[in-house]
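Reader: I would be grateful for a close look at the sheets of this protein and at what packs against them. Please begin with how far the model can be trusted, and then proceed strand by strand.

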Amino acid sequence: MRKNFLKTIYFNEIHSDTPQEENYIKNIDIFQNISELHFEESITYFVWENGSGKSTLLENIATTFGFNKEWGTKNSLFQTNDIDNKSNAWLKLSWQPQKFLSGFFFRWESMYNFINYQESIWWFNAYGWEHLHTMSHGQQFIRILESLMDKVGFYIFDEIESALSPENQLKAVEIIKYMAKNGSQFIIATHSPIILSIKQNSQIVSFDYGYIHEVDYDLVPCVDMYRRVLNK
């Protein structure tokens with residue numbers, strides 16, 4: 001049995017008196033008729049179209065765990081959006097047998113702000129004193145991911161393929177496989193057949209048609225779409 005594992009998310013009913021800034025959550029179809037979501041594997045993928053609720057759920061899992069909601073670890077003490085203060089009281093995380101102590105939340109649109117924050121800390125040397133702003137976005141991500149390879153923890157990735165070449169997507173896949181084998185747990189929202197290609201110790205959860213359910217790799221729409229385009 002793994003040492004730590006997020007086993008279940010319990011969803012509380014989102015009432016009509018929910019604060020105004022959270023009203024959009026109760027209007028997302030998948031959150032209207034769900035009470036819990038189970039995790040059975042080291043890697044869980046979230047798939048389906050934009051606006052289906054994948055990133056909303058990822059963000060709330062991350063903040064419930066204690067991550068900075070923009071990007072980073074529990075110790076990433078920066079905030080660039082004063083109005084992004086939504087409560088996450090509508091869900092609860094259940095761990096088996098106990099909670100991970102650390103990890104990382106990758107939220108692609110916040111990467112620039114995260115690197116600004118890190119480079120403002122004069123003692124920061126996690127990347128060998130290299131300035132990440134001198135690298136491309138894809139190089140930045142791979143360098144950060146490589147620095148975490150031997151750190152067992154809880155990792156949440158939101159569309160990491162956004163700035164990764166196919167070659168670097170394959171590199172990220174190999175790192176994720178290595179980390180999962182050594183005890184880390186991942187929840188990954190993606191539209192990339194390459195990122196989705198890890199078959200061992202993984203499950204794919206689709207957010208389509210108003211409910212969350214597990215699907216096979218070959219039935220994921222982005223996989224089928226890429227296949228049809230490449231076969232033309």
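Author: Confidence comes first, since this is a predicted model. Among the elements of the protein chain, strand β7 (residues 185-189) has the highest mean pLDDT, 97, whereas helix α3 (residues 111-119) has the lowest, 62. Over the protein chain the average pLDDT is 81, and 74% of the residues score at least 70. Where pLDDT is low, the predicted coordinates should not be read in detail.

The setting may be given briefly. The protein chain contains six helices and nine strands. Of its 232 residues, 50% count as buried. The exposed surface of the protein chain comes to about 12,200 Å², of which carbon and sulfur atoms supply 49%. Among contacts between residues at least 6 apart in sequence, 77% join residues at least 24 apart.

Strand β7 belongs to an open sheet of six strands, arranged in the order β5-β6-β7-β3-β8-β9 with mixed pairing. Because β5 (103-107) and β9 (213-215) stand at the edges with a single partner strand each, one side of each is left without a neighbour in the sheet. On average, neighbouring strands of this sheet are turned by 20 degrees against each other, direction ignored. Within the sheet, β3 and β7 run parallel and are joined by four bridges. Tyr45 has Ile188 in β7 as its bridge partner.

Two helices may be described against this sheet. Helix α5 (residues 166-181) packs on it, touching β3, β6 and β7, and the direction of α5 makes about 145 degrees with that of β7. Helix α2 lies across β3, β5, β6 (154-158) and β7, and runs at about 150 degrees to β6.

Helix α2 also leads to the other sheet, for it lies across β1, β2 and β4, running at about 65 degrees to β4. These three strands form an open sheet in the order β2-β1-β4, with antiparallel pairing. Its edge strands are β2 (36-38) and β4, each of which pairs on one side only. From one strand to the next, the twist averages 20 degrees. Strand β1 (residues 6-11) runs antiparallel to β4, and five bridges join the two. One pair can be named: Tyr10 has Lys92 in β4 as its bridge partner.

The side chains of β4 (residues 91-95) alternate. Leu91, Leu93 and Trp95 point to one face and are buried, while Lys92 and Ser94 point to the other face and are not buried. Lys92, the bridge partner of Tyr10, is therefore on the face of β4 whose side chains are not buried.

Two further residues complete the account. Ser52 lies in the loop between β3 (43-47) and α2 (54-65). Ser52 counts as buried because its relative accessible area, 9%, is under 20%. A polar atom of the Ser52 side chain lies 2.8 Å from the backbone oxygen of Glu49. Leaving out residues up to four places away in sequence, Ser52 touches Ile28, Ile30 and Phe207.

Gly138 is placed in helix α4 (residues 137-147). Its relative accessibility is 5%, so Gly138 also counts as buried. Apart from neighbours within four places in sequence, Gly138 is in contact with Ala163 and Leu164. The C-alpha atoms of Gly138 and Ile160 are separated by 9.1 Å, with the two residues 22 apart along the chain.

Methods:
Residues are numbered from 1 along each chain as its sequence is written. This is a predicted model: local features need pLDDT of at least 70, side-chain atom pairs count only at pLDDT 80 or more; totals for chains, interfaces and linings use all residues. Side-chain values use heavy atoms; hydrogens and water are left out. Buried means under 20% relative accessible area, exposed over 50%, partly exposed in between (1.4 Å probe, protein chains only). Contact means heavy atoms within 4.5 Å. Accessible areas come from the Shrake-Rupley method with a 1.4 Å probe; for residues, only the protein chains shown count as cover. A polar contact is a pair of N or O atoms within 3.5 Å; within protein, one must be able to donate a hydrogen and the other to accept it, and residues adjacent in sequence count only if both atoms are side-chain atoms. Two strands pair if DSSP finds at least two bridges between them. Axes are lines fitted to C-alpha atoms, for helices over the stretch in contact, and angles run from 0 to 180 degrees between N-to-C directions. pLDDT is the predictor's confidence in each residue, from 0 to 100.
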